[in-house]
Amino acid sequence: FGAPDAAYGLILLQVFMGVLASTALLLCAAIAEQKGTQWRLSAILDTALDAVIAMDHRGIITDFNPAAERMFGHAKSDAIGRELAALLIPEDLRDQHRRGLRHYLLTGEGPFLNRRVETRGLHADGHEFAIEVAITTLSDAAGPARFTGYVRDLTERVRVERERQQAEAALRHSQRQL
């Protein structure tokens, strides 16, 4: 900005400062928009009624929303960094889960992906319960596959169905007695 003419040097300095300020404003606006998007996504996950659990390609939990905490009885801080199979899947289904993950990583195919599947989950206190799981995957050039599981507790639905079946059986039995 050391031009032979001081006035010209000041004009160059003002143009530079204007470009710098404009760039800073645009950058701040972009960051604010991204933070707003992240906040909205976080709010959605935190208020979801279904459990939302993210897992990396190794089977390690990377996110665990409040509904997952309530459903499975584990705190988010205890779940993140742990293997999903060992923490949330009943022992007799763990090998099947691990084989399915390996199969997906080799072939890009998986029976649980992009559809709803009824299975069982494992609560922190050790009891098993009926769940519906839908798993989606995000694969990109930036890195290995990541998975998101959407889990719904079916305990109440299973209880109502069992009561309905028992009532129907009792009705058939009483009709045969007549």
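**Group meeting: helix α5, R120, D56 and the largest pocket**

Hi everyone, let's start with helix α5, where L93, R94, L101 and Y104 are buried. Looking down the axis of α5, the buried residues fall within an arc of 115 degrees, so they line one face of the helix. On the other side of α5 you'll find D92 and L106, which are exposed. Please keep in mind that this is a predicted model.

How far apart are the end C-alpha atoms of α5? They are 25 Å apart. The helix covers residues 91–107, and at 1.5 Å a residue its 17 residues should span 24 Å, so the two values agree. Just after α5 comes G108, with a positive phi of about 80 degrees.

Now, hold on to D92, because it takes us to R120: the side chains of D92 and R120 make a polar contact at 2.8 Å. R120 itself sits in strand β3, residues 116–122. Is R120 buried or partly exposed? Its relative accessible area is 30%, so R120 counts as partly exposed. The R120 side chain also makes a polar contact with the side chain of E128, this one at 2.4 Å. Setting aside neighbours within four places in sequence, R120 is in contact with P90, D92, L93, E128, F129 and I131. Notice L93 in that list; we met L93 a moment ago among the buried residues of α5. One more pair for you: R120 and A130 are 10 residues apart in sequence, and their C-alpha atoms are 4.6 Å apart in space.

Over to strand β1, residues 51–56, which is where D56 lies. With a relative accessible area of 10%, D56 falls under the 20% cut-off, so we call D56 buried. Its side chain makes a polar contact with the side chain of R58, at 2.6 Å. Beyond its neighbours within four places in sequence, D56 is in contact with T62, A145 and F147.

Last stop, the largest pocket, with about 620 Å³ of space. Of the 26 residues that line it, I89, H97, F112, V133 and I135 are the closest to its centre. Which element gives the most to the lining of the largest pocket? That would be our opening helix, α5, with 6 residues. Several elements take part: β1, α4 (84–88), α5, β3, β4 (128–140) and β5 (143–153) each supply at least two residues of the lining. That list includes the strands we just visited, β1 and β3.

Thanks for listening, and I'm happy to chat!

Technical notes: Residues numbered from 1 in each chain as written. Predicted model: local features only at pLDDT ≥ 70, side-chain atom pairs only at ≥ 80, totals over all residues. Heavy atoms only, no water. Helix = DSSP H or I, 4+ residues; strand = E, 2+ residues; numbered from the N terminus. Buried < 20%, exposed > 50% of the residue type's maximum accessible area, 1.4 Å probe, protein only. Contact = heavy atoms within 4.5 Å. Polar contact = N/O pair within 3.5 Å; in protein donor to acceptor, adjacent residues only side chain to side chain. Expected span 1.5 Å × (residues − 1). Arc of directions from axis to C-beta. 1 Å grid on protein atoms, 1.4 Å probe; cavity = no way out; pocket = protein on both sides within 12 Å on 5 of 7 lines; lining within 4 Å. Points joined across faces, edges and corners; volume = space filled by probe spheres on them.
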